[in-house]
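Dear colleague,

I am handing over a structure that is new to you, and I would be grateful if you could look through it before reading on. My notes on its pockets follow below.

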Amino acid sequence: MSTQKATARKARPPGAVRAVKQVAEVDWARVEEALDARGCATLERLVTPAECEALAALYPEDAVFRGRVVMARHGFGKGEYKYFAYPLPDGVAGLREALYPRLAPVANRWNTAMGIEVQYPESHAAYLERCHAAGQVRPTPLLLRYEAGDYNCLHQDLYGEHVFPLQVAILLSEPGRDFTGGEFVLTEQRPRMQSRAEVVPLRQGDAVVFAVHHRPVQGTRGVYRVNLRHGVSRIRSGQRHTVGVIFHDAA
């Protein structure tokens, strides 16, 4: 290893180092298989309980964020979320950087199958350069908070010309202890067929990686695209926090 690379690795904050290690321990062959079959995959225990609690505790700290959205004001549902400002918290930045190169090959393969010419570079830093050159400079990772009666309507997180086709949501709260209800829901709108719903069970620290917009499906006449949306069902009691890791920045 070169001295330059060794110095760069030593300079990484502890949160980013842990994120790289945790991502490396995922069974990525299983994840790719699930993504191809269902458009989503679970990453179990991606974040430790202590890291979950530390991230959820950031919500009142306005200096960490660039903006707050109250969902009811925009017809998004009920509840609220805040977009992190740059620099991102170490753990969030580390996960974003470490997850991207694992997902970029899937994104490239999907685009090729769907006849989309866009291909994604190997590193997240290189992809952000592409976003920023197009005027997409605002960070998109976010921290969501739901309370009893809150929910998130089915939607897609599209923020500009450049959209990375996969994203990750990490559950920071423990179902049954911190909240009830609030299941992650993914729907697929298939051509000439009824929509299909997928409910993804998560525990504290688990993540779900899922398609942002569309994905390829093999049909009898070749590959076709299915359109996806995601949301969160109604919270019945308690409070639920989630981190969303979106890889493209916003205009």
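The largest pocket has a volume of about 410 Å³, and of the 29 residues that line this pocket, L144, N152, H155, D157 and H230 are the closest to its centre. Please keep in mind while you read that this is a predicted model, so that every value given here is computed from predicted coordinates.

As for where the lining of the largest pocket comes from, at least two residues are supplied by each of the strands β4 (80-84), β5 (142-147), β6 (151-155), β7 (166-171), β13 (222-232) and β14 (235-245). It is β7 that gives the most to this lining, with five residues. Sorted by character, the lining residues of the largest pocket comprise 19 that are nonpolar, eight that are polar and two that are charged.

The second largest pocket, for its part, has a volume of about 330 Å³. Its lining is made up of 17 residues, and those that lie nearest its centre are R96, E97, A98, P101 and H124. Here the helices α2 (14-24), α6 (90-113) and α7 (124-133) each supply at least two residues of the lining, with the largest share, six residues, coming from α6. In the lining of this second largest pocket, 10 residues are nonpolar, two are polar and five are charged.

With best wishes

Notes: Residues are numbered from 1 along each chain as its sequence is written. This is a predicted model: local features need pLDDT of at least 70, side-chain atom pairs count only at pLDDT 80 or more; totals for chains, interfaces and linings use all residues. Side-chain values use heavy atoms; hydrogens and water are left out. On a 1 Å grid over the protein atoms alone, a cavity is a set of points where a 1.4 Å probe fits but cannot get out, and a pocket is an open set with protein on both sides within 12 Å along at least five of seven lines; lining residues have an atom within 4 Å of a point. Grid points are joined across faces, edges and corners, and a volume is the space filled by probe spheres set on the points. Helices (H or I, at least four residues) and strands (E, at least two) are DSSP runs, numbered from the N terminus. Ala, Val, Leu, Ile, Met, Phe, Trp, Tyr, Cys and Pro count as nonpolar, Asp, Glu, Lys and Arg as charged, and the others, Gly among them, as polar.
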